[in-house]
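Student: I would like a close look at one part of this protein. Please pick a strand, walk me through its neighbours, and then follow the contacts outward.

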Amino acid sequence: MVGITATGAYVPLFRLGKDTAGWKAPGERPVANFDEDSLTMGVAAVLDCLNGRDRTLIGGLHFATTTSPYAEKQSASLIAIACDLPQDMMAVDYAHSLRSGTVALKTALDSIKAGSARQAIVVTADTRQGAPRSNMELNSGDGAVALLVGDKDVVAQLVDSRSLTHEILDVWRVSGEAYTHTWEDRFATEEGYAKFVSLAVAELLKKNNLTVKDIAKLILSAPDPRKHRDTARALGFTPEQVQDPLFGSLGNTGCANATMLLAAALESAKPGDKLLVVNYGDGADAMLFEVTPQVEKMKQGRGLKGYLASKKLLPSYETYLSWRGIYEPDTGVRRPPQPGPSASALHREQAEVLRLQGSKCRNCGTVQYPPQRVCTRCHTKDQMDPVRLAEKKASLYTYSMDYIAGSKDVPLVISVINFDGGGRMLCSMTDRDINEVKVGMPLELSFRRLYTADGIHNYFWKAVPVRS
């Protein structure tokens, strides 16, 4: 039996909503912070999915996005090291199509079925950018999901799938451009989306001798609420059979949309439910899953439901535009531009920078960060073991606020944090409300982008208030 064994998700803390000055939509949409991108959200989703599980068994990481931080450089390898996954595994990027999320999921499942890996993790994330005030901006959202697949403890078994390929210029973005383009809506719907979604569903159901009535949930990715409603109705599904597309709270998350809605469905699925996942982009994918009794034992992290419930509204639409680099307000005194990071230094310091490994003294148990050769407590030399700090809880020891650092996040909160079990670290705090910052507050770590210079994205870990 091959299928999904665990799920994890990530939705950014901040939302555009009805109380956001300048935002003209009735619903909410999550927006990635200025220091977040598809890669950092993917890391967060993987950590939520793994949630205490054995990482040494993972033999593949499949990362899908249409908004990769690099045009030429793998993102999957960086996600793998930030999540402390084994080196002896395959890491693959999937890109350029809204179907890349379901293509990655099908490929990972095939690798398990073929015996290439015992477990693999599929990560899909997107931060697609519509032009300001456009329908795409209104209906989009930022987010990520991680699905662990394997052949043991399966919560949703893959029964069958059907894929169709179709060349059509309905939605596209030229390399180097910020905004996605669409052709005339009726053409894109009738000759693309509606036509091939219907064909993929019909062929999959016929192949498995099923009817619409046999499906517990239709999990349908659609560009907007109207197309979602009209397509589900045209396929013959009742409203009770259709998974909530979450346009009012999540929006269309690009290539991550179908897999995020699948994770949402699994959070409330019952044994025996048949789930039909349908995705579109230059063709269509239809995947049929059957939920097993193991779903009742599935360990959950925060999950999609938890992340959707934990949120803060942005005060203004201008803040969102600033985070996206569309609008640059004058912040007054600025520090000089950041020098480009050293590729050789980043390579040399991967363990402490990307994995966030400190050192633990074998003699007295003292934890230090960055890793040291000499223990500060007992002065033992070269008797250290590596210890990962990225997933440890922490608390704020002390802090300062810098109002002239030139950050998009004024003031820059520079924090000294203490890890549970030992260890201390200096880092920035993000996703914070300065009125809530206080000594002793509980914190956790989040993988973020510090800055970009000379074409290099400099990633590191920041402290964030614990989301509840």
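Tutor: What follows starts at one strand and works outward through pairing, packing and salt bridges. Keep in mind that the model is predicted.

Start with strand β13, residues 283-291. How many of its nine residues are buried? Eight are, so the strand is mostly covered under the 20% cut-off for burial.

Now its partners. Strand β12, residues 274-280, pairs with β13 in the antiparallel sense over seven bridges. The two strands form a hairpin, with two residues between them. Asp282 sits in that turn and has a positive phi of about 50°. β8 also runs antiparallel to β13, joined to it by nine bridges. Look at Leu288 in β13. Leu276 stands opposite Leu288. Asp160 stands opposite Leu288 too.

Next, the packing. The largest nonpolar core has 99 residues. Phe289 is among the members that touch the most others, along with Leu61, Ile121, Leu262, Ile417, Met425 and Trp461. Helix α1, residues 38-50, gives the largest share of this core, with nine residues. Take Leu262 as an example. Beyond its neighbours within four places in sequence, Leu262 is in contact with Phe289, Leu275 and Val277. Its other contacts of this kind are Ile4, Leu105, Leu147 and Ile219. There is also a second, separate core of 25 residues, which includes Leu164, Ala222, Tyr280 and Ala284.

Back to Asp160, and on to charge. Asp160 forms a salt bridge with Lys207, with the closest N and O atoms 3.4 Å apart. Which distant parts of the chain does this pair link? Asp160 is in strand β8, residues 156-165, and Lys207 is in helix α5, residues 185-207. The two are 47 residues apart. Is Asp160 buried or exposed? Asp160 is buried, at 15% relative accessible area. Lys207 is exposed, at 58%.

Helix α5 takes part in another such link. Arg226 forms a salt bridge with Asp185, the closest N and O atoms being 3.0 Å apart. Arg226 is in helix α6, residues 225-235, and Asp185 is in helix α5, 41 residues away. Arg226 is partly exposed, at 42% relative accessible area. Asp185 is partly exposed as well, at 36%.

Farther along the chain there is one more pair to follow. Glu436 and Lys312 meet through their side chains in a salt bridge, at 3.5 Å from N to O. Glu436 lies in the loop between β20 (424-429) and β21 (442-453), while Lys312 is in strand β14, so the bridge ties together parts that are 124 residues apart in sequence. Glu436 is partly exposed, with a relative accessible area of 43%. Lys312 also counts as partly exposed, at 27%. As for Asp185 and Arg226, shared partners join them with Asp224, Lys227, Arg229 and Asp230 into one network of salt bridges. In total, the model has 29 salt bridges.

For contrast, end with another sheet. Three strands form an open sheet in the order β16-β15-β17, with antiparallel pairing. The edge strands are β16 (367-368) and β17 (384-388), and each pairs on one side only. Strand β15, residues 357-361, is joined to β17 by five bridges. Gly358 has Val387 in β17 as its bridge partner.

Notes. Residues are numbered from 1 along each chain as its sequence is written. This is a predicted model: local features need pLDDT of at least 70, side-chain atom pairs count only at pLDDT 80 or more; totals for chains, interfaces and linings use all residues. Side-chain values use heavy atoms; hydrogens and water are left out. Two strands pair if DSSP finds at least two bridges between them. Helices (H or I, at least four residues) and strands (E, at least two) are DSSP runs, numbered from the N terminus. A salt bridge is a side-chain nitrogen of Lys or Arg within 4 Å of a carboxyl oxygen of Asp or Glu. Buried means under 20% relative accessible area, exposed over 50%, partly exposed in between (1.4 Å probe, protein chains only). A nonpolar core is a set of buried Ala, Val, Leu, Ile, Met, Phe, Trp, Tyr and Cys residues joined through side-chain atoms within 4.5 Å. Contact means heavy atoms within 4.5 Å.
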